[in-house]
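Visitor: I would like to understand how the labels in this model are earned. Could you take me through them?

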Amino acid sequence: MESGVFFTTYKADMGLRRKPVHKVRLLVFVAFLIIFPFLASRYWLNLANQIAIATISAIGLNILVGYTGQISLGQGAFMAVGAYSAGIFAARFGLPIYLNVPLACLITAAVGVFFGLPSLRLKGLYLAMATLAAQVIVEWIITHWTSLTGGTEALVMPAPTLFGQRLNTDFRFYWIAVSMALLTALFAANLFRSRVGRAFVAIRDQDIAAEVIGVDVFRYKLLAFAISSFIAGLAGALLANYRTIISWERFTIETSIFYLAVIIIGGLGTINGSFFGAAFMTLLPAFINNLGRALQTTAPAVAGLLPAVQQAIFGLAIILFLVLEPEGLAKLWRNVKDYFYVWPFSY
Amino acid sequence: MTLSNRSTAAGATGADTQTDVAMLRVQDVTLSFGGVTALLDVGFEVRRGEIFALIGPNGAGKTSMLNCISGLYRPQQGSIRFTDAQGASHELTRLKPSHIARLGIARTFQNIELFRHMSVLDNLMLGRHVHMRGNVFTCGLYWGRQQQEEIAHRERVEDIIDFLEIENIRHKPVGTLAYGLQKRVELGRALALDPALLLLDEPMAGMNVEEKEDMARFILDTNQERDVTIILIEHDMGVVMDISDRVTVLDFGRKISEGRPEQVRNDPLVIQAYLGEEQFQLRW
Ligand SMILES: Nc1ncnc2c1ncn2[C@@H]1O[C@H](COP(=O)(O)OP(=O)(O)OP(=O)(O)O)[C@@H](O)[C@H]1O
Ligand SMILES: [Mg+2]
């Protein structure tokens, strides 16, 4: 039996942050996000922006895979569609960031729905194969439609401006990236405490029962593809506006697998897990890089091994999480929270 | 079983007058899987307001029949017509399961099919899905109208939680619950849809006597207080005799008997069909 806090109204019981502790923790986190850029070096700001964009993408993938149970290997392709659409709108039509990003999201959503059509018939690994086709087709189009995308050469777009400010520094872009990440997280959190999100989870847990209780399963699967790829497109479009140089090599099958790893390590079907996973998978290579640089002079032989070590650690981390902690870092976080919730009376 | 006999209870409340209207009309339904014939020319009528039992030995085709009604199986032949509260008639064999649910037909499964990782509350809230309007945009905002909708339907769900006496487990993930409780939650999810017709596939299988009595009471209350017409598949003949108004017996996919419980139990064809079925003889 849970003891401690009781709620007197359904509204309070259904709130996102139900206990005062939660509200305080959220406030502290947001305060940290606001103070952070004023204290951080360029190096850390760059990492923060990468984490924010990766968090957005991971939330998008988690909606499809973690919450709706539709395995996708097409995340790289969807981000590519977002990035290239934004880049093309900006470079060829001069559209500003507040237009090229939303348009890119809509286009990616449409592409996502198209590649979600096989989910009518296919499940699990077979569906994963079908989404792999998205990866192959999108890559092929980008590298061959040279007049539009620049082909295998990178596509260069002008640095975005907003309110007359050029967003060409890590500091300035930080505010865009982080606020979009927070909005995405809020959207997803709301989605999964109400009708549409519940239907997604129902499809993941028991699709026949979902259909029989009145969820139009195929429509909702396509909706999940649409929302998920809309958000993947957002991540891609932000990345394009951030880097201003777009190369197809950033959006290969490796990217798709990278994001699957992010959500597995972070925790399938959790929102804060998407953030934990993104942070972990962004910071680990950065950490190993730094280590490599430090070892370059003292132990060059070890430094040379580090890239391989990094791959091994990623692989090991994924396997360990799958076996030991199937719900990922988010579960560990919950354990810690539960511990402190009753602390110091831990029983 | 300590329950009063249904037919007298129904007669006393005057329920018989409204039971003449056929709510569901099944005609000549034939369903086969490759060489196996699961149903052959099966037909029956379910009247508004009754508890209609579907019985028969293992593999007789009972579950297949429910699957045809809820749209999971498409019979090769025959028709299943459902008349809704407004008097409109629908051919169920041509509709998707989700559409059939929207007409007001809910069900439970022989092997519990709950959303295991969701809480009891969320499972029941899914029962409200067809009555809610929220879309991606309103749900993503969770502001004003959507919040009110969620709260309004939460209140409906809380009624059912009270009714089924599962208040203390409402926040628990259903996967962690005991078997008997899961069966109860599954009934709750079906009730949350506010069905006109409820299909129950062995709701008491695997339960102990006490749990069975509770479940029988919930089924009777659902039928009488909530005005829900029920098709019940059950192997426990004691329960069937106690709570059903009429019984149809299937054997090898064919209908072999139909009538009031006491008529069916004395039908030589039925006794023949059940020869060798121990549980049937034990509980008769
Ligand atoms: N999806 C299916 N594919 C192939 N055969 C099936 C399928 N569903 C049912 N059958 C067959 O149809 C026949 C009737 O099965 P059904 O499950 O309807 O019986 P039942 O009366 O519900 O039996 P029980 O009391 O064991 O639940 C059986 O021979 C079964 O093997
Ligand atoms: Mg059965």
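Visitor: What makes the pair formed by T63(B) and ligand 1 a polar contact?

Guide: An N or O atom in the side chain of T63(B) is 2.7 Å from an oxygen atom of ligand 1. A polar contact is a pair of N or O atoms within 3.5 Å; within protein, one must be able to donate a hydrogen and the other to accept it, and residues adjacent in sequence count only if both atoms are side-chain atoms. At 2.7 Å the T63(B) pair is within 3.5 Å, so the name applies.

Guide: A word on the source: this is a predicted model, where local features need pLDDT of at least 70 and side-chain atom pairs pLDDT 80 or more, while totals for chains, interfaces and linings use all residues. Residues are numbered from 1 along each chain as its sequence is written, chains are lettered from A and ligands numbered from 1 in the order in which they are written, and side-chain values use heavy atoms, leaving out hydrogens and water.

Visitor: How do you know that N58(B) makes a polar contact with ligand 1 too?

Guide: A polar side-chain atom of N58(B) lies 3.0 Å from an oxygen atom of ligand 1, and G61(B) brings a backbone N or O atom to 2.9 Å from a ligand oxygen. Both distances are under the limit, so both pairs count.

Visitor: Which residues are closest to ligand 1?

Guide: Of the 14 residues around the ligand (a heavy atom within 4 Å), the closest are G59(B), K62(B), T63(B), S64(B) and Q110(B). α2(B) gives the largest share of this shell, 3 residues; helices here are DSSP runs of H or I, at least four residues.

Visitor: Why is the link between E150(B) and R198(A) called a salt bridge?

Guide: The closest N and O atoms of E150(B) and R198(A) are 3.1 Å apart. A salt bridge needs a side-chain nitrogen of Lys or Arg within 4 Å of a carboxyl oxygen of Asp or Glu, so this pair qualifies. The count between chain A and chain B is 3 salt bridges.

Visitor: How many residues of each chain are in contact?

Guide: With contact meaning heavy atoms within 4.5 Å, 33 residues of chain A touch 41 of chain B. About 3,200 Å² is buried between the chains, 64% of it on carbon and sulfur atoms; buried area is the accessible area (1.4 Å probe) that two parts lose on being put together, summed over both. R195(A), R198(A) and I213(A) lose the most area in chain A, together 24% of what that side buries.

How values were computed: Helix = DSSP H or I, 4+ residues; strand = E, 2+ residues; numbered from the N terminus.
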